[in-house]
Amino acid sequence: MIYDHLVVRYGELSLKGKNRRHFESQLFETVKRKMRPYSDLKMAKLFDRIVIELNGHAYEPIVKSLQDIFGIHSISLAVRAENDLEEIQKAALEALKEAIEGKKTFKVTGKRSLKSFPVNSMQLNQEVGGYLLRNTEGITVDVHNPDVNVKVEVKDTGTYISSTSFEGAGGLPVGVGGKAMLMLSGGIDSPVAGYLTMKRGVRIEGVHFHSPPFTSERAKQKVVDLTQELTRYSGGKIKLHVVPFTKIQQTIKDKIPSSYSMTIMRRVMLRITERLAENNNAMAIANGENLGQVASQTMHSMYAINEVTNLPILRPVITMDKLEIMNISHKIGTYEISIRPYEDCCTIFLPSAPKTKPKRDKAIQFEKKIENLEELIEEAVNTVETLILEEGKSTDESFNDLL
């Protein structure tokens, strides 16, 4: 194996000025945290990329970890050569031989960032491409659709030649887009919503409503495990706020007509999540609502429920088919956890015929039947259990890591 470096290229390259500098700084810090298990790696931040010296490590696990980081467009295996044309040609030939097996065409993409190097980008393509043709057999140049693209980048720190690349996660580095509270039920949709929210650079904190003894400790552990899985993409840690919800649910069951109980329950959940957002400096609420999938997710229901908060509500999966959501959940590792057969609070006391077109004025009227609603909300907020889930740490350890 000839490769001794990885070249990490950024996504969203249209970002400019301070936004770009913030993007690059946040991404570099996230990459450094991800690479902590490999203490002897060397990293350098260059313009629009990060170069990692492998120092003898196998590249496969490192690439896999980097593919979890939002903001990365691609990861390329690379060999470093001195800034000398002959050395560059030899290294490019080795890189081509490494990647060309079973393929027939190639091209060279040269880029001279070091202006003092005597060969410009166009000449670099010609000099290196000609050398590769003279020293190989049975392959030709195709500048439009090559089987192998040999990238040659001349930097002040050396020349990096790559011919094999892996797709990155794309999106924006987590932390550049503010913070949102993720309503995490334990089903398939909400973890996917959390993943997609983080992909746009938003840091998340989870909010889970727990109703013992109607919901078990296993249901709670399921949500802890889902949050733990999402830390792979978070850049480090995620807080999970577990809200005691039993008293509120029992009150709703006792005082609200069953057809409106789901609507009132969701309104109260939003109120509590808004309070937690204020307490934790978050500017939005994210959830896994999918339009028309269940009674509480019709357009009429959303209209009746959303009234209670002025915070933006992010719904990344709202227009997706269930199969699309499931495919993402498989990809990110949450599906098998989500299908564990433990009920969350949304499924207990479920009415046989919930209103699919609830009226906002009726919801307000019914809600007034709970005279001490504000006290119940205040009590729930004040008795929240907050856990810190950290990447690389078992959920058993994290479960006891209370703030």
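Trainee: In what order do the 8 strands of the open sheet come, and what is the pairing?

Mentor: The order is 2-3-1-4-8-7-5-6, and the pairing is mixed. Before we go on, this is a predicted model, where local features need pLDDT of at least 70 and side-chain atom pairs count only at pLDDT 80 or more, while totals for chains, interfaces and linings use all residues. Residues are numbered from 1 along each chain as its sequence is written, and side-chain values use heavy atoms, with hydrogens and water left out.

Trainee: What makes a run of residues a strand or a helix?

Mentor: Both are DSSP runs, numbered from the N terminus: a strand is E with at least two residues, and a helix is H or I with at least four.

Trainee: Why are strand 2 and strand 6 said to stand at the edges?

Mentor: Each has a single partner strand, so one side of strand 2 and one side of strand 6 (140-141) have no neighbour in the sheet.

Trainee: How do you know that strand 2 and strand 3 pair?

Mentor: Two strands pair if DSSP finds at least two bridges between them. Strand 2 (residues 42-46) and strand 3 (residues 49-53) have 5 bridges, so they pass that test, and their sense is antiparallel. One bridge joins Ala44 to Val51 in strand 3. The two strands form a hairpin with 2 residues between them. In the same sheet, strand 5 (residues 105-112) runs parallel to strand 7 (residues 148-155) over 7 bridges, and Phe106 has Val148 as its bridge partner in strand 7.

Trainee: What makes the phi of Asn55 worth a remark?

Mentor: Most residues other than glycine have a negative phi, and most peptide bonds are trans. Asn55 is not a glycine, yet its phi is positive, about 55 degrees. You will find Asn55 in the loop between strand 3 and helix 2 (59-66). Asp48, in the turn of the hairpin, also has a positive phi of about 55 degrees. As for peptide bonds, the one from Pro212 to Pro213 is cis, with omega near 5 degrees. Pro213 belongs to the loop between strand 10 (203-210) and helix 6 (217-230).

Trainee: What is the order of the open sheet with 6 strands?

Mentor: That order is 13-12-9-10-11-14, with mixed pairing. Strand 13 (313-314) and strand 14 (385-390) are at the edges with a single partner strand each, so one side of each is without a neighbour in the sheet. Strand 9 (residues 179-183) and strand 12 (residues 284-286) pair in the parallel sense over 3 bridges, and one bridge links Ala180 to Ala284 in strand 12.

Trainee: Which domains does the chain have?

Mentor: The assignment gives domain 1 (5-170) and domain 2 (179-399); such bounds come from an automatic or database domain assignment. Their centres, taken over C-alpha atoms, are 42 Å apart. The contact, meaning heavy atoms within 4.5 Å, takes 9 residues from domain 1 and 9 residues from domain 2.

Trainee: What is the area buried between domain 1 and domain 2?

Mentor: Buried area is the accessible area (1.4 Å probe) that two parts lose on being put together, summed over both. Here that comes to about 800 Å², with 44% from carbon and sulfur atoms. On the domain 1 side, Lys34, Asp68 and Phe70 supply 62% of the area buried against domain 2, more than any other three residues.

Trainee: What makes a space a cavity and not a pocket?

Mentor: On a 1 Å grid over the protein atoms alone, a cavity is a set of points where a 1.4 Å probe fits but cannot get out, while a pocket is an open set with protein on both sides within 12 Å along at least five of seven lines; lining residues have an atom within 4 Å of a point. Grid points are joined across faces, edges and corners, and a volume is the space filled by probe spheres set on the points. The whole structure has 4 cavities of 30 Å³ or more, and the largest cavity has a volume of about 50 Å³.

Trainee: How do you know where the largest cavity lies?

Mentor: Domain 1 and domain 2 both give residues to its lining, so the largest cavity lies between them. The lining includes Lys34, Asp68, Phe70 and Tyr233.
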